[in-house]
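Please open the model in a viewer and keep the sequence panel visible. The tour proceeds by selection, with a short account of what is found at each stop.

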Amino acid sequence: MAGSSHGHTLAAWTGVTITIIGFCVSGAFMVMAEPLGFWAGMVIVVLGGVVGWIMAAMGLGKQKPTTRGREGHQVTREPAGAGS
């Protein structure tokens with residue numbers, strides 16, 4: 001899994017950081033028995049997901065693999081053992 005760079009992008013780090021802050025805010029206000037603060041933290045959690053999604057849409061997330069070969073030719077995948 002280490003070779004797939006799963007989650008090692010600016011969009012992922014930013015979204016997760018905002019979400020963790022939201023969970024901490026919600027947890028603190030839940031212990032203090034303050035429902036308004038709890039729901040404010042939940043809004044921050046959702047905001048973290050939205051920010052991560054927007055940043056990924058802007059190109060700051062994991063790039064999709066290309067389907068072109070070295071010389072720009074279209075690459076087609078064949079089943080294993082089909083060429084023998």
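The stops below begin with a helix and continue to two individual residues. The model is predicted, and each selection should be read with that in mind.

**First selection: helix 2**

Select residues 35-60, which form helix 2. This helix contains 26 residues, and the distance from its first C-alpha to its last is 35 Å, close to the 38 Å expected at 1.5 Å a residue.

Within helix 2, now highlight G37, G41, V45, G48, G52 and M55, the buried residues of this helix. Against which element do the buried residues of helix 2 pack? Their partner is helix 1, residues 10-31.

**Second selection: G22**

Move to G22, which lies in helix 1. With a relative accessible area of 0%, G22 is buried. Display the residues around G22: neighbours within four places in sequence aside, it is in contact with G41, I44 and V45. Of these contacts, G41 and V45 are among the buried residues of helix 2. A distance drawn between the C-alpha atoms of G22 and V45 should read 4.7 Å, although 23 residues separate the two along the chain.

**Third selection: T19**

Remain in helix 1 and select T19. Is T19 buried or exposed? Its relative accessible area is 18%, so T19 counts as buried, the cut-off being under 20%. Once neighbours within four places in sequence are set aside, the contacts of T19 are V45, G48 and G49. V45 thus appears at both stops in helix 1, in contact with G22 and with T19.

How values were computed
Residues are numbered from 1 along each chain as its sequence is written. This is a predicted model: local features need pLDDT of at least 70, side-chain atom pairs count only at pLDDT 80 or more; totals for chains, interfaces and linings use all residues. Side-chain values use heavy atoms; hydrogens and water are left out. Helices (H or I, at least four residues) and strands (E, at least two) are DSSP runs, numbered from the N terminus. The expected span of a helix is 1.5 Å times one less than its number of residues. Buried means under 20% relative accessible area, exposed over 50%, partly exposed in between (1.4 Å probe, protein chains only). Contact means heavy atoms within 4.5 Å.
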